[in-house]
Structures are given as structure tokens and as C-alpha cells.
Amino acid sequence: MIDQATVDKIFDAAQIVDVVSDYVTLHRRGANYTGLCPFHDEKTPSFSVSPAKNIYKCFGCGKGGNPINFIMEIENLTYYEALKFLAKKYHIEIEEEELSPEQIAERSERESMMAVVEWVQQHFCHNLFETQEGQSIGMSYFQHRGFHEDTIRKFQLGYALDKRDAYTVLAQQKGFKRDYLEKVGLTIVKDGNYAFDRFHGRAIFPIHSISGKVIGFGGRTLKKDDVAKYQNSPDSDIYHKSNVLYGIFFAKNAIIKEKKCYIVEGYADVLSMVQAGVQNIVAPCGTALTVEQIRLLRRIVPSVDADKLDGNKNITMLYDGDSAGVHAALKNGKLLLQEGLNVKVVVLPPEDDPDTFAQNHDSAYVHQYLEEQEQDYIIFKTNYLLKEANGDPMKKAQTITEMAQTISVISDAVKRSVYVTECAKLLGIEENLLHSTIEQKRWDTLNANPQPSNPLLDAQNNAPVAPPPDLFDPDMPPSGPSVDQTSVVAGNEMTVSTVHLVMDPTEQEIIYYLVRYGEREIFRVPDEETGVEKVFHVVTYIMRELVIDDLQLQYPLFKKMLEDYHQAFTSGSMLSAQQFFLRSTDPEVTRIASDMLSERYQLSRMYDKHCDNNKIKVRKMDKEEGDRLATDVPRVVFNFKFSWTQSEMKRYLQLLMTTQDEEEKKRLMEHYQAIQRVKKALAKYLGERIYK
């Protein structure tokens with residue numbers, strides 16, 4: 001395991017904006033940054049990153065946390081793996097404590113699979129550069145294709161020896177389990193025992209994740225009689241071909257810089273175009289272009305308008321000039337439009353594909369051609385279909401219907417209107433006819449595919465309404481909020497993902513002040529006996545007030561958060577409450593902390609400039625709230641106590657209604673009246689309750 005000093009170094013080095021920017025194009029908005037959430041599909045940004053607090057928060061899907069949580073979520077890593085991932089990114093040497101056999105056994109299967117893939121990739125590179133077979137066959141092939149050595153090394157191209165089980169046997173000799181070789185698709189097992197290499201005698205194109213890790217391979221046959229020209233890694237726990245784009249890791253910075261991305265069809269197309277100076281280019285990984293791949297691009301490609309986050313993201317399709325290439329462009333362009341992107345097309349000469357075109361021309365000509373031949377997708381498609389119709393009235397009618405269907409997928413009404421005007425001219429029809437046809441298509445689509453419900457909103461709207469959790473007399477059995485039996489509580493460890501509790505708002509308010517200001521001093525009180533001032537901090541005051549009245553928070557995670565931080569604080573921890581909770585190893589704790597620390601809306605810069613003159617009264621949260629802790633913290637604690645009295649009074653009333661024993665009724669009534677007096681005193685203190 002990683003020692004605490006190294007963990008602290010990683011937390012200090014990992015800046016949330018830097019970490020998130022590897023996956024999402026961020027735009028500055030005041031003190032924070034905004035972008036499209038990588039965890040759910042959205043077209044209007046609700047994903048916020050706070051560099052000051054070093055957290056991220058999506059106000060759409062609710063995910064949030066620190067840089068470690070972000071990497072865990074987006075790369076599907078464990079906490080330990082995410083720490084190692086960021087340590088590598090920031091060149092921090094990891095000093096690991098010796099692991100016990102039990103801890104070694106707990107290492108995730110995914111980590112083992114990633115290790116296998118990394119070793120095999122290095123093995124392929126070694127074959128290419130260090131073996132006679134690799135040089136004479138593999139390197140000769142790459143050089144014949146016109147790939148330079150620096151390109152080969154950059155993209156980590158390799159060669160699989162032409163032997164049926166070369167790396168399967170060697171990997172097992174190195175200590176890698178055959179199960180993992182099979183699970184990542186590197187080894188094929190037949191009849192339960194016979195194992196052989198999926199890739200043998202092939203040129204290897206490693207496939208990288210957006211963060212640069214090798215997660216799969218494409219293998220190109222070098223034999224004329226081989227039926228399968230390309231062999232690709234199958235889907236596995238670490239690789240989903242429909243979610244990955246070839247070259248995305250190497251292209252992302254250029255995409256952001258150029259504010260545009262080119263899409264081609266194959267691995268060689270990407271490599272040759274990169275050599276020609278076109279760095280912002282990607283390709284699907286052995287599949288047709290998928291919606292998931294498009295959404296990945298949409299998150300990365302920045303808007304050409306600095307002040308617009310949800311529009312004008314440019315994608316250019318670069319396809320072969322033959323019929324198959326054109327039809328691929330026609331099909332994929334519609335998918336891209338549907339996801340809210342601006343789509344352009346460059347059609348190459350019929351005899352060329354992107355690979356041969358880049359190889360046959362110098363860099364200057366390639367860039368000039370791309371710039372001059374780029375066409376708007378809608379205009380290109382209209383002209384192409386009209387040419388195909390060749391004056392046939394029925395085919396022209398089909399063209400009008402097809403173009404109406406294509407334009408109908410565009411969500412922006414202004415863009416639809418512009419395309420209606422342009423296409424009506426090209427098609428030689430009235431705008432009203434095209435417009436009405438488009439609206440009919442949109443109506444038909446809406447009725448045929450009703451919008452799916454939002455599970456998050458449904459859960460909130462349909463949450464059971466329940467009274468605040470009861471707190472109980474020590475002599476009375478508990479009857480508090482129900483907990484789903486699938487939740488697990490063992491010692492101090494708790495799994496909360498399946499806990500179904502209705503959180504008391506007063507408990508949430510206590511945790512809010514604990515997370516934001518837990519270590520802050522709120523007042524000093526002279527000790528009656530010694531006269532020495534006793535200092536109260538937010539966390540010590542909250543704990544003292546609960547202990548005095550023998551109360552505790554009922555929501556298990558809130559209770560644990562309070563107790564853990566109180567113990568750390570009284571033990572002399574130098575971490576602020578914010579640091580303590582945001583550095584938690586429990587993702588649920590960091591999510592709650594990021595919720596408490598995130599603010600969806602920010603004051604305009606115009607406020608500071610004009611609010612005094614215009615006498616605008618706007619509450620500056622951090623500044624004013626921090627100054628009122630001496631009054632606000634006692635208020636939220638007493639609110640919690642007031643809620644407790646309400647719950648207890650309801651409980652005693654229920655008991656009074658069900659018991660038949662007169663002596664018991666008398667005892668219960670005394671308890672009820674005592675709590676009633678406490679409630680009245682609390683209401684008077686709070687000054688905002690009408691109590692009768």
C-alpha cells in the first residue's frame with residue numbers, strides 16, 4: 001500500500017482543472033470552470049470545476065469529488081489504482097509499504113488485466129525493434145506504408161511473432177495468469193486447454209485510452225492468404241471499442257488548439273495524416289462510428305465561440321472519394337448532427353483514401369486541400385442526392401423527404417431555419433413546404449421516441465415522505481428510519497450505496513457547517529471553576545451539544561463523518577475540515593463534501609462594481625457566512641434538537657394511543673410533557689417558531 005506521506009504529495013500535486021482537462025474541454029466562468037459532463041449525456045453544460053476548492057461537481061447527474069474520485073470514476077479504477085495513476089502523471093515516486101498476502105489478494109482483477117496488456121504492448125515493441133523477424137517483416141511493412149520511425153515510436157506500433165503461442169507462453173513464464181490473457185482477448189482458448197495467440201504474424205496498432213493507457217490492439221495481417229485483414233481486441237472489462245477512438249490521446253491537445261476534429265476510417269489514415277501535419281485526427285476502432293464515440297468528441301472539442309459552451313463544435317469527416325466513402329459520410333454526418341455538432345465534409349479524389357492522399361502530397365498541399373475542399377454537410381448531402389436523382393421526379397421527392405429528415409435532427413431552431421432557406425433554394429421548392437415537412441418529422445420522432453425519464457429526478461420526486469428520524473430515550477426501543485437490508489455495517493466500515501434513508505434537513509445543515517468550517521473557532525467561554533477560557537470550534541461545539549443531551553445524528557454516514565473528524569481534530573490533525581473530507585478514501589464522503597462546497601451560481605462581476613451604487617442586496621455566501629458562525633452554528637444545532645423534540649412527541653403520542661396500562665400511560669404522559677417544555681424553550685430560543 002502507499003504510505004500517507006506519498007498520498008499527501010499526490011493530493012497536493014493533483015490540480016482538478018489539470019486532471020479534468022485531459023478528458024473535458026473546460027471554459028472559465030468567473031472563479032470556476034464549466035464543461036460537458038463526462039459521466040452522462042448532456043448538451044447544455046452542468047459540470048463545474050472549482051480550482052480553489054480542488055473539486056468537481058455535476059449539477060445534472062450529481063457526481064462530484066476530488067481529483068482522485070474523478071480518475072476513479074472516469075477510468076474505472078480503484079482508489080489505490082487512481083493514486084498510482086496520478087502519481088505517474090505528476091512524476092511522484094511511490095513509496096509503498098510492504099503488502100500482506102491478504103492485501104495482495106485483494107488487488108483488483110482490472111489492475112491485473114491492465115498489467116498484462118502493458119507487458120504485451122512492450123513485448124510487441126521489443127519484437128519490432130529488437131528481433132530479426134520483427135525488423136525484416138514488421139518494420140519492412142511499416143516502412144513500405146511510409147511510416148517514419150518517430151511516428152512508429154510515438155504510436156507504439158509493434159509486431160507479433162509468427163508463432164501460434166509466442167506471447168501466451170512467454171507471459172505465463174513471466175508470471176501472468178492465462179485467465180487474464182484470455183479475458184483481455186490476447187489469448188484464445190479452445191476446448192478448455194489449447195491456448196494460442198489472437199495476434200500472430202501481424203503488424204500491431206495499440207489502442208490508447210484518452211489518458212494514454214494501452215487498452216487494446218488492432219492487428220494487420222501480413223499474409224496474402226489470410227482471410228481476416230484486421231484482427232481487433234474484443235470487448236473486455238478494460239476495453240469497449242464503441243467508446244474509444246483511435247488516436248484520441250495523441251489528438252486531444254491539437255483538437256482543443258484547433259477547435260476542430262477530423263474523423264477518418266482507419267488506423268493507417270490517422271498515422272499518415274499525422275505525418276502530414278494534421279494532428280487533430282481520430283478514427284473508430286474497427287467499428288462504424290458510434291454515438292458513444294461522438295459524445296466523447298463532443299466533450300473534448302471546444303466551441304469556436306468562447307462565450308458559448310453548447311454550440312459550434314466543429315467536426316470534419318474525411319473519407320475516401322469512392323462510393324463507399326461518400327455513403328459512410330452521409331450516414332455518419334446525420335449522427336454527428338443529432339448530437340449537436342457542426343458537421344463538415346471533405347471528399348478526396350476517387351483514387352485516394354486519407355492514407356494514400358497524405359503519403360502522395362506534401363504537408364502544405366494537404367492542409368490547403370482540406371481547407372479549400374471542406375463543405376457543409378447539409379449542403380454537400382443535398383447536392384449529392386440531387387445529382388443522384390438526375391432529374392427523376394420520384395427520386396427528387398425522396399431527396400426532399402431525406403433532407404427534411406436530416407435537418408429535423410438539429411436541435412437548434414436557428415440553425416434549422418438557416419438550412420431550410422439554403423436547401424429550399426437548392427431543391428427548388430418553397431421554404432414553407434420544407435419547413436412543414438421538417439416539423440412533421442420532428443413531431444413523428446417525438447411521438448415515436450418519447451423522452452426517457454430522468455432517474456435522478458424521478459427518485460427525488462417519488463421519494464417517500466417521512467417524518468424526521470426519531471432519536472430515542474435510552475430506555476425505549478428505536479423506531480427510526482428504515483434502512484435497506486442490503487446495506488452492510490461492519491465495525492467502522494459502511495456501504496452506503498444501497499441505504500435508503502430520508503435525510504433530515506437539520507442533519508444535512510449540521511454536516512454543511514462541519515464540512516465548510518469544522519476547524520474554525522466560533523467563541524470562547526470562561527470556565528466557571530478555573531476562569532480559564534475554553535475555546536469552542538465548530539466540530540467541538542457540535543459534538544459537545546449532542547453529547548450533553550445524549551443525542552446523535554441518525555443518518556449513518558453523517559454520524560460517521562462527524563465522529564471521524566472530531567477524533568482527527570482532537571488528535572491534532574492539521575487538515576482543515578474541507579481537506580479532511582475531500583481526501584477521504586470513501587467516494588460517498590467526498591461526494592457529499594463536494595455537494596456541500598459547490599455553488600451552482602456565481603455572483604456576476606458586475607455585482608462588485610455596481611451593487612453599492614444600486615443598493616442591490618445580494619448575500620456573499622463565503623464572506624458573510626463565515627462571519628456569522630457564532631450565531632449560525634448554535635442555530636443549526638438547536639434546529640436539530642427542535643426536530644428531535646417533534647419526533648419524540650409524535651412517538652409518545654403513538655405509544656399513548658396504543659397502550660392500555662394506566663400506570664404506563666401516566667409515565668408516558670410525564671415524558672411527553674417534559675419534551676413539550678423542552679420544545680417550547682427551543683422555539684423561544686430560535687425565535688422563528690410559532691408554538692402553542
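Visitor: Against which elements do the buried residues of helix α26 pack?
Guide: This is a predicted model, in which local features need pLDDT of at least 70, side-chain atom pairs count only at pLDDT 80 or more, and totals for chains, interfaces and linings use all residues. Residues are numbered from 1 along each chain as its sequence is written, and side-chain values use heavy atoms, with hydrogens and water left out. Helix α26 spans residues 587–597, and its buried residues (under 20% relative accessible area, 1.4 Å probe, protein chains only) are Val-589, Thr-590, Ile-592, Ala-593, Ser-594, Met-596 and Leu-597. Judged by contact (heavy atoms within 4.5 Å), their partners, in helices of at least four residues and strands of at least two as DSSP runs, are β4, β5, α3, α22, α24 and α25.

Visitor: At the start of α26, which backbone nitrogen does a side-chain oxygen of Asp-586 reach?
Guide: The approach is to within 2.9 Å, and a polar contact is a pair of N or O atoms within 3.5 Å, one able to donate a hydrogen and the other to accept it. The backbone nitrogen that the Asp-586 oxygen reaches belongs to Glu-588.

Visitor: How many nonpolar residues are there in the contact of α24 with α26?
Guide: With axes fitted to C-alpha atoms and angles running from 0 to 180 degrees, the two helices pack at about 85 degrees, their axes 11 Å apart; they are therefore roughly perpendicular (65 to 115 degrees) to each other. Leu-557, Phe-558 and Met-561 of α24 meet Glu-588, Val-589 and Ile-592 of α26. Of these residues 1 is charged and none is polar, while the nonpolar ones number 5.

Visitor: Which strands stand at the edges of the sheet β6-β9-β10-β11?
Guide: This open sheet of 4 strands has antiparallel pairing (at least two DSSP bridges between strands) in the order β6-β9-β10-β11. The strands at the edges each have a single partner, so one side of each is left without a neighbour in the sheet, and they are β6 and β11.

Visitor: Over how many bridges do β6 and β9 pair?
Guide: Within this pair, Gly-158 stands opposite Ile-204 in β9. The two strands run in the antiparallel sense, and the number of bridges is 3.

Visitor: How far does the backbone oxygen of Val-244 lie from a polar atom of the side chain of Gln-293?
Guide: Gln-293, placed in helix α13, is buried, with a relative accessible area of 0%. Leaving aside residues up to four places away in sequence, Gln-293 touches residues including Asn-243, Val-244 and Leu-245. From its side-chain polar atom to the backbone oxygen of Val-244, the distance is 3.0 Å.

Methods
Buried < 20%, exposed > 50% of the residue type's maximum accessible area, 1.4 Å probe, protein only. Parallel < 35°, antiparallel > 145°, perpendicular 65-115°, else oblique. Nonpolar A, V, L, I, M, F, W, Y, C, P; charged D, E, K, R; others polar.
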